[in-house]
Amino acid sequence: MKRFAPGRWLVNGLSVILALFFVTPLMWFIFAPFDPTPNLSVQLPETFSLDNFQTVISNATAMRALLQNSVFISGSVMVLTAALAALAAYGLSRGNIPGRDILTTVLLLFSSVVTGTASMVPIFVLIYNLGLFNTYQGAILTLVGGALPTSIFIMRDFIDGIPKSYEEAAMVSGAGSLRIFRDIALPTLRPGVLVVAILAFVGAWGSFLIPLILIRNADMRPASVAFYQFYGDEGNPNIRAVAAYALLYTLPVLLLYLLVNARYGFRFFGGIKQ
Amino acid sequence: MASVKLAQLRRTFGTVKAVDNVNLDIADGEFIALLGPSGCGKTTTLRMVAGLEAVEGGQIHIGNRNVSTLPARERDVAMVFQDYALYPHMTIAENVGYPLKVRGVPPADLQRQVQLVADRLQIGGLLERRPAQLSGGQQQRVSLARAVVHKAQVTLYDEPLSNLDTKLRLEARAFLKHLQREVGVTSIYVTHDQAEAMALADRIVVMNAGKVMQADSPMAIYRRPANTFVASFIGSPPMNLLPCKVDQAARILRFSDGQSIQWSQSVPAQASDEVTLGIRPEHLHWHAEPAEERLGAEHFVTQALGGESVIVLRLGEHTLAIRQFTDDVPVLPSRVWLSFDPNRVYFYGADGMLLS
């Protein structure tokens with residue numbers, strides 16, 4: 001016998017409304033690319049067609065943006081951020097640095113500033129004066145700078161959770177620093193590095209403002225900016241192309257996640273809790 | 001295997017003297033327990049021997065090498081950690097074999113040695129598993145195996161049994177003692193559990209506030225605590241300590257609640273005004289009738305513990321305990337008179353040191 005519980009019905013009802021709110025755009029995102037006549041409302045296509053993709057794939061600039069520029073920029077940001085964050089966080093966690101807790105917190109505060117809209121003008125001037133305007137390096141460095149504080153914060157928290165005794169046991173066993181890093185530190189850090197790397201990749205992949213401002217050359221722009229290919233001079237979007245390109249645009253991120261998850265799994269090695 | 005010598009070892013953290021002028025000679029093959037309350041410096045001392053904590057002053061010798069400034073990896077010590085420190089990404093075999101792998105032992109030889117030690121520690125069937133799949137007791141044995149396979153000159157134990165539950169701890173203690181007999185390697189064992197230290201060690205070093213309070217065989221430490229700290233730390237319940245005044249001429253002891261008793265036993269010559277009388281709870285006896293040499297006290301509570309009972313008494317503001325070995329719960333009147341086993345009474349001076 002179940003008792004009628006009005007509170008529960010209310011919660012369930014609200015959940016459904018909330019779910020619809022989030023699911024509806026996703027439905028458009030999945031159906032529209034295959035619809036020869038899409039509009040801005042969700043509708044099941046009358047006929048499935050791949051014409052939209054053909055339009056997009058035949059656009060050389062858009063495809064280069066997606067398969068070369070975006071992959072290169074995001075990949076570089078990912079590798080640099082993960083490597084630098086791991087090293088910095090290791091120092092902050094294990095090193096004997098005075099005020100390291102405050103340092104970490106202040107770093108986190110900076111994260112919202114560095115790549116925020118408000119700082120775009122100084123960043124532009126800085127990059128311009130460094131001679132990095134209209135280069136990949138300029139965009140990559142700015143993106144890495146933006147991703148590092150949060151990454152360091154996450155990594156530090158992760159490293160703090162790894163018992164120091166792992167390294168100490170290895171030291172006593174006779175291992176040198178390099179050996180400890182390779183045999184003990186790196187494998188135990190890997191789950192944390194993967195999380196930070198994926199976050200950095202996704203962040204760079206989706207960033208729009210920074211590449212838009214720092215890269216002028218249309219052939220060098222990443223996919224997030226290349227969406228403009230499919231807007232007419234008056235700003236009218238070619239919905240068919242935008243829909244198809246949007247779907248293609250998400251695939252690499254999805255693939256990366258699946259690959260990493262299948263290969264390593266996003267699980268954390270626990271310490272001993274007793 | 002080698003002897004270990006600590007000479008005037010010092011280490012401070014901020015203003016705290018964690019290790020304060022510790023001197024200790026450990027013979028080849030000896031099993032030493034560093035025993036003391038939290039923060040007494042026992043773990044810091046151990047970590048300095050391991051090379052995980054810098055030596056601030058003094059020296060550490062292992063065999064005839066001065067290792068004071070050597071990095072941990074060159075000291076040739078093995079260490080068992082409180083949290084076991086088993087590498088989570090390696091199998092049990094890889095964990096146990098790691099010290100050998102680092103030394104470049106050929107794989108076939110390494111595997112043979114790992115199997116040998118693992119069988120001896122009864123974890124031979126677990127070698128392909130990972131640490132997370134093992135119980136606490138098994139993980140503990142793996143960490144022991146890693147230390148044994150190392151064949152180091154000294155093995156260091158940092159409270160290795162404190163993460164186990166009581167039953168497992170007793171098993172592991174027996175196991176460790178047996179292993180120690182077989183392997184016979186020089187060992188330093190840090191613990192805050194006096195029963196563990198008593199059961200395992202050839203010699204116990206009691207520490208407090210960074211200083212060595214007493215270093216002696218377990219029974220000697222139990223029988224003749226060198227000072228009131230050791231007296232009040234060792235034993236369960238610990239030694240009874242009662243302040244009193246000695247009248248040497250009249251052979252009278254005066255207690256703080258106004259009682260005085262005849263004392264025909266010998267009293268150390270230095271014992272004068274302010275001394276502390278110490279007696280173990282099992283050497284104190286109660287009687288229903290008074291006598292000249294008996295001290296009156298109020299019965300407070302009796303705790304029956306199975307094979308023994310602990311009787312708690314009040315004497316003025318002081319609490320005394322009697323251990324009576326019986327499985328009948330003793331019934332006491334509200335006021336009792338106490339007698340002392342002769343030769344089991346110790347006197348401590350105003351500075352807390354044993355008078356003899």
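Which residue follows helix 4 of chain B, and what is the sign of its phi? I looked: Lys151(B) comes after that helix, and its phi is positive, near 50 degrees.

**Ground rules.** I'm reading a predicted model, where local features need pLDDT of at least 70, side-chain atom pairs count only at pLDDT 80 or more, and totals for chains, interfaces and linings use all residues. Residues are numbered from 1 along each chain as its sequence is written, while chains are lettered from A and ligands numbered from 1 in written order.

**Confidence.** I noted an average pLDDT (the predictor's confidence in each residue, from 0 to 100) of 92 for chain B, with 100% of the residues scoring at least 70. For the complex, the predictor gives an ipTM of 0.84 and a pTM of 0.80.

**Helix 4, chain B.** Helices here are DSSP runs (H or I, at least four residues; strands are E, at least two), numbered from the N terminus. I checked the length of residues 136-150: at 1.5 Å times one less than the number of residues, the 15 residues should span 21 Å, and the end C-alpha atoms are 22 Å apart, which agrees.

I then checked burial (20 or more other C-beta atoms within 10 Å of a residue's own, placed from the backbone). In this helix 12 of the 15 residues are buried, so it is largely enclosed by the rest of the structure. Among them are Arg141(B), Ala145(B) and His150(B). The cover includes strand 6 (77-80), helix 2 (92-102) and helix 5 (166-183) of chain B.

Note on methods. A residue is buried if 20 or more other C-beta atoms lie within 10 Å of its own, exposed if 12 or fewer, and partly exposed in between; C-beta atoms are placed from the backbone. Two residues are in contact if their C-beta atoms, placed from the backbone, lie within 7 Å.
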